[in-house]
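User: Hi! I'm new to reading protein structures. Could you walk me through this one with a few questions and answers?

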Amino acid sequence: MTYAIAAAGTGGHVFPALAVAEALEASGVARTDIVFFGGARFERTAVPAAGYSLVELDLRGLRRSLDLANLGLPAVVARAARTVRDELVARDVRVLLATGGYVTVPAGWAARRAGIPFFVQEQNAHPGLANRLMSRLAEAAFTSFEGTDGIVRPRFVGNPVRAPFASFDRSALRAKARRRYGLEDGVPTLGVVGGSLGAGALNDFVAELVREWSGERFQLVHLAGRAHADRIGQMASSANPRGLTWTVVPFEEDMAGFFAAIDLVVARAGGMVAEITATGTPAVLVPGSFGSAGHQDASARHLQEAGAAVVCAEGELTRSHGVVADLLFDADRLAGMSGKARSVGRPTAARDIARELIDAHG
């Protein structure tokens, strides 16, 4: 193995890493020459499913409260770093990319100890703690937004998206995507997605929106998350008094198809911002309060300032019912937001990062 990628936690960290791995393959790197490092969360299934080797580390993230469990964290990180370093040497790895989250710290330290080039990639306008720390040791930090604060040696390239998004064509995909979800042509369609793990607050927002809706008919594609899908599915079939088309999906492998089918999305503002901009999808963004303070809010505000999105705080979701109603039936405004979203996107980011890694590999 000669290329290593450290990615762990949620799809916001893992999907950009997979996008870079696919770009490396497209540039001629053999799949067997790419190894991933991660923990036991989303990456445990997503990385092998994409066909890549995963070295699973015994890790846990830093708890942001005063928790006695944090006292043992240095030992956990040290053990993981030793494991990563041994694997880097044994596999003759020549360059490592980390995409943020708790795996970045041991991976970065291991790369430095092994004497190989190390890069970080940041998805948000306000970087996470691990990337703020490890960018000090990295060759460069690939950022998704211009002017990302708190990063040393930033290099703005955009947030990597996988191949279906880099070549996204809504008009070519739309009819097939709508048929797959059982949608009608000509009916405005709202998409709701809370990220790879779902989001309880957004799920509750959907239930309330449908219950209180008194406007024109619309359709809904709801990516509820595996943990929430059964409850939401029962609600969609039994608590939908207006008979709206409400399609509930636990987890969507074909996210390009999801974006092709919808006219407006309500979403978190993590790594999915890259998919929103790559597809030119107007958005109502609900930043999560978890993770590094303000990182999703900063990304969401960036899109709002560009005219591509409307930001709604989680505590004000009820207010967003009117925002959704106003946007969903305003074709001209949606078209304008779509163009502005595309202007923010950088669909070649994965290819650009892969090229940098190949150059560093030597």
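User: In what order do the seven strands of the open sheet lie?

Analyst: Happy to help, and please keep in mind that this is a predicted model. The sheet is open and its pairing is parallel. Reading across its seven strands, the order is S3-S2-S1-S4-S5-S6-S7.

User: Which strands stand at the edges, and why is one side of each left without a neighbour in the sheet?

Analyst: Each edge strand has a single partner strand, so one side has no neighbour in the sheet. The strands in question are S3 (53–56) and S7 (154–156).

User: Which residue in S2 is the bridge partner of Ile-5?

Analyst: Strand S1 covers residues 3–6 and strand S2 covers residues 34–38. The two pair in the parallel sense over four bridges. For Ile-5, the bridge partner in S2 is Phe-36.

User: At about what angle does helix H1 run to S2?

Analyst: Helix H1 takes in residues 11–26. This helix lies across S1, S2, S4 (95–98) and S5 (118–122). Its angle to S2 is about 170 degrees.

User: How far apart are the axes of helices H11 and H14?

Analyst: H11 spans residues 272–279 and H14 spans residues 331–344. They pack at an angle of about 120 degrees, and their crossing is left-handed. Among the residues making the contact are Ile-276 of H11 and Val-344 of H14. The axes are 6 Å apart.

User: Over which residues is the pLDDT below 50?

Analyst: The chain averages a pLDDT of 88, and 92% of the residues score at least 70. Where pLDDT is low, predicted coordinates should not be read in detail. The stretch with pLDDT below 50 is residues 62–68.

Key
Residues numbered from 1 in each chain as written. Predicted model: local features only at pLDDT ≥ 70, side-chain atom pairs only at ≥ 80, totals over all residues. Heavy atoms only, no water. Axes fitted to C-alpha atoms, helices over the stretch in contact; angles between N-to-C directions. Left-handed = near helix turned anticlockwise from the far one by under 90°. Contact = heavy atoms within 4.5 Å. pLDDT = per-residue confidence, 0-100. Pairing = 2+ DSSP bridges.
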